[in-house]
Each structure stands twice: as C-alpha cells, then as structure tokens.
Amino acid sequence: MMGWQRLLAEIQSAIVTTGPMTVASYMKHVLTHPIMGYYARNDPFKGRGDFVTSPQLTQIFGEMVGAWSAAEWLACCKPYPVHLVELGPGTGLLMHDIVKTFTSTCKPHVPITDVHLVESNSSLSRQQFKTLGCGEQPPDFDDDDISRERCYLSGIGINGIRFHWYRHLNNVDDIPGFAFLFANEFFDALPTHQFQRTDQGWRERLIDICDNSATGLRFVLSPQETPHSKVFEHLPFVRRAGIGDIGESSFAAMELAERVALTLHNACFGGRSLIIDYGSRTKFDDTFRAYRKHQQVDVLDKPGTADLTTDVNFDLLIIAMEKARKAYTYGPISQRSFLIKCGINERVVQLANQASDPKVIDAVRENIHFLIDGNGAGQRFQVLAASSPGKEGLTVNTHPILFAT
C-alpha cells in the first residue's frame with residue numbers, strides 16, 4: 001500500500017469513528033501527519049517541486065524587503081539591537097537576502113544580532129542552516145528535539161549573526177531589542193474551515209466517505225450548526241453573504257496573527273511585521289486548492305501528495321492583530337505597489353547597466369514582471385504591515401513607511 005493510500009485509510013477510519021471531518025482537520029492531517037503528511041514526505045522546494053516562492057525567483061525580492069526593513073530601522077532612530085524573526089523560512093533564501101541588504105544599507109552599523117526562525121521541518125532546517133552560512137551540516141538533532149518547547153538548533157552565520165530555530169512562534173522568548181517579523185507565503189497553508197450559507201443559516205462544509213467517488217471522499221454540509229459555524233456567523237463581515245455563498249475562516253491563522261502582534265508588543269523596543277501572501281479582504285468563494293508539480297489537482301485526490309492551500313483573508317488577520325490593541329495594522333497593499341515603492345524597477349535598471357550577458361538580464365526582467373504583474377502575482381499577493389504601539393521613553397515612528405493612509 002502506498003503512503004497516500006495509508007493516509008487515506010487513516011482519514012476514512014477517523015471519519016467512521018467520529019463522523020465527517022472539517023476541512024481544517026483534513027488539511028492538518030494531509031499536510032502535517034508526522035509520517036505520511038505532505039511536509040513529512042516531500043521537500044516542496046527540491047527539484048521541480050510543487051510550487052515556487054518569490055525568493056526563489058530572484059534575490060531582488062528579498063533585497064526589497066531588506067531595504068524596507070533598513071528604512072524602517074532608520075526612521076525609528078536606529079534602535080539597538082535588532083532581532084529578525086521569520087515564520088516558515090523555506091530554503092532560507094529570503095532571510096539571507098534580507099540580512100545582506102539590511103546590513104549593507106546600514107553600514108558601518110551592524111544592528112542585527114540575532115535571527116529567530118520558526119521551522120518544524122528538519123530537512124528544511126538543515127538547508128536553512130547551510131544557506132545562512134552557519135556551516136555545511138548542523139549539529140545532530142531529531143524530531144524529538146524539534147518537538148520540545150525550546151530552541152532546537154543554533155549557529156553563527158553570515159555577518160557573525162546568531163541564528164536560532166524553533167518549532168513554534170510561542171517558543172521564542174520576548175525580544176530584548178527591536179523586532180522585525182516576516183511571513184512570506186506562510187498563512188495560506190494553515191488549516192481553514194469552510195462554511196456555506198443556507199436558508200437555515202451557516203452550515204460547515206465537511207468531508208465524508210464516498211464509496212462511489214474516485215477519491216473515496218466527498219464534501220457534505222453539516223445538518224446543524226457546529227461550534228465553528230457559530231463563531232463564524234458573528235464575525236463582522238459575514239452579513240454581506242447571500243444564500244449559497246461559501247465563507248472561509250482560518251482560526252489557526254487568527255491565533256497566530258495575534259501571537260505576531262504580541263511578539264511586536266512584547267519586544268523591548270517594539271517592532272514591525274510584514275505578512276506577504278496571496279489573498280484579499282473578505283470575499284465569499286471556495287478558494288481551497290491543491291497543487292502537485294505546479295498543476296492544480298482535486299483537493300481530495302491522493303492525500304499527502306499535493307500541497308493544500310486557501311486564500312488568506314486579511315480582514316481576519318487585522319481583527320486578530322488589533323485585538324486588545326497589541327499592534328496597529330496597515331494595508332494590505334498589493335505586492336506590486338509594495339515592490340515598486342521599494343525601488344524594484346530602479347534596481348533592475350542598475351543590474352541591467354552592470355550585466356554583461358543579455359540573457360541574464362532578460363531572465364531577471366521576466367521574473368520581476370511576474371512579481372509585479374498587475375494581472376497576476378503583483379495583484380494576487382498582498383502585503384500587510386503591522387507595528388507595535390509606541391514605547392514610553394522611546395522615539396519610535398509607529399507608522400510604517402510605504403503604507404500611508
């Protein structure tokens with residue numbers, strides 16, 4: 001029996017035991033099962049992979065994020081020390097490019113002392129360790145080390161910066177300085193609940209067994225309200241929905257967004273965050289998708305062999321981050337707008353003047369066009385900034401640049 005067949009059998013067994021499964025529970029099973037889950041069995045960045053992220057396309061993406069961060073640091077009167085935090089660092093390329101640009105922009109100062117990486121995949125942690133200049137091979141660690149509520153890996157990397165790895169954001173201690181937190185294409189993979197509005201109110205979409213289906217599974221609606229649908233119907237934006245509309249809510253994303261705000265709030269000198277992901281403000285649509293080798297496939301087909309994702313609802317993140325006034329949010333604005341304001345077009349011109357191989361610069365221009373295409377990724381991806389409230393006794397600009405109201 002193949003791995004996905006074993007995972008399918010386990011999902012069906014769970015449904016037999018406890019009843020139809022929520023979409024969020026299905027996503028969690030498929031993506032994070034410790035043996036047969038997508039992230040346990042696949043390196044989505046290796047070889048052809050199942051998707052490509054912006055930092056893999058071009059280092060200029062990370063340079064722009066680094067340039068924004070350096071400008072923010074300067075606008076906040078150069079608080080020291082600076083700690084960087086990233087959720088889901090992938091191959092480590094984004095953080096590498098952020099650090100390089102930040103430090104080169106702020107010379108002769110080297111304000112970054114520590115970087116905290118939230119990563120639960122051991123093979124990706126090892127790849128990040130190498131990418132960030134900590135060495136060819138990290139010290140031995142295993143899944144038991146990762147599961148413990150502490151830093152499970154450390155190293156000294158580029159520019160003499162200390163790098164630390166954690167399984168969860170709440171394992172990171174309060175930052176003893178100024179914090180920058182980044183999350184690029186991270187929130188879209190968090191478990192999401194789906195609901196459909198009916199004549200009787202909101203009902204949750206569930207996954208049930210279906211012997212007549214090629215996948216062995218099917219979507220059904222809960223006959224009654226569920227605890228999650230009761231919470232969803234009280235969110236401020238759902239009143240706009242019509243009969244038959246599908247709504248989505250990632251309560252896991254809201255919980256994490258609140259933790260992001262708390263991280264900024266608890267940092268000694270406050271901080272900034274950038275969340276970059278594909279999504280929008282509230283819309284009523286089924287955005288649950290699966291990708292295998294860059295092709296969209298049935299979300300119920302061969303669980304564990306394809307990446308699952310939903311669009312990020314930025315309204316939910318804003319609600320969570322502004323809870324109890326732990327942070328102020330700005331945006332979202334389109335990725336296109338953010339990158340252009342950061343100077344991406346000027347950077348391409350600079351590289352073109354330096355390049356000797358026309359094919360290289362043509363490839364750069366093609367990748368940049370993809371990132372800022374107003375009919376594609378440039379609009380589909382949104383950028384949400386957040387800042388901590390001002391700290392007493394500190395001169396800190398609480399309004400991030402590029403996000404003017």
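Which residue in β14 is the bridge partner of Arg289? The close-up views below, all taken from a predicted model, begin with the strands that settle this point.

**View 1. The open sheet formed by β13, β12 and β14.** Three strands, arranged in the order β13-β12-β14 and paired in the antiparallel sense, make up an open sheet. Because β13 (295-297) and β14 (307-309) each have a single partner strand, they stand at the edges, and one side of each is left without a neighbour in the sheet. From one strand to the next, the twist averages 40 degrees. Strand β12, which spans residues 289-292, is joined to β14 by three bridges, the two strands running antiparallel, and within this pairing Thr309 of β14 is the bridge partner of Arg289.

**View 2. The surroundings of Arg289 in strand β12.** Arg289, which is found in strand β12, has a relative accessible area of 10% and therefore counts as buried, the cut-off being under 20%. Its side chain is joined to that of Asp311 by a polar contact of 3.1 Å. When neighbours within four places in sequence are left aside, the residues in contact with Arg289 are Tyr278, Gln296, Val299, Asp307, Leu308, Thr309, Asp311 and Arg380; this list thus includes both Thr309, the bridge partner in β14, and Asp311, the partner in the polar contact.

**View 3. Strand β6 and its pairings with β2 and β11.** Strand β6, covering residues 178-184, is mostly covered, with seven of its seven residues buried. Both of its faces are covered, since Phe178, Phe180, Phe182 and Asn184 are buried on one side, and Ala179, Leu181 and Ala183 are buried on the other. With strand β2 (residues 82-87), β6 pairs in the parallel sense over six bridges, and here Ala183 of β6 is the bridge partner of Leu87. Six bridges also join β6 to strand β11 (residues 271-280), again in a parallel run, and in this pairing the bridge partner of Phe180 is Arg272 of β11.

**View 4. The buried face of helix α7 and the glycine that follows.** In helix α7, which comprises residues 122-131, the buried residues are Ser122, Leu124, Ser125, Gln128 and Phe129. Seen down the axis of α7, these buried residues fall within an arc of 155 degrees, so they line one face of the helix. The helix is followed by Gly133, for which phi is positive, near 75 degrees.

Note on methods: Residues numbered from 1 in each chain as written. Predicted model: local features only at pLDDT ≥ 70, side-chain atom pairs only at ≥ 80, totals over all residues. Heavy atoms only, no water. Pairing = 2+ DSSP bridges. Helix = DSSP H or I, 4+ residues; strand = E, 2+ residues; numbered from the N terminus. Axes fitted to C-alpha atoms, helices over the stretch in contact; angles between N-to-C directions. Buried < 20%, exposed > 50% of the residue type's maximum accessible area, 1.4 Å probe, protein only. Polar contact = N/O pair within 3.5 Å; in protein donor to acceptor, adjacent residues only side chain to side chain. Contact = heavy atoms within 4.5 Å. Arc of directions from axis to C-beta.
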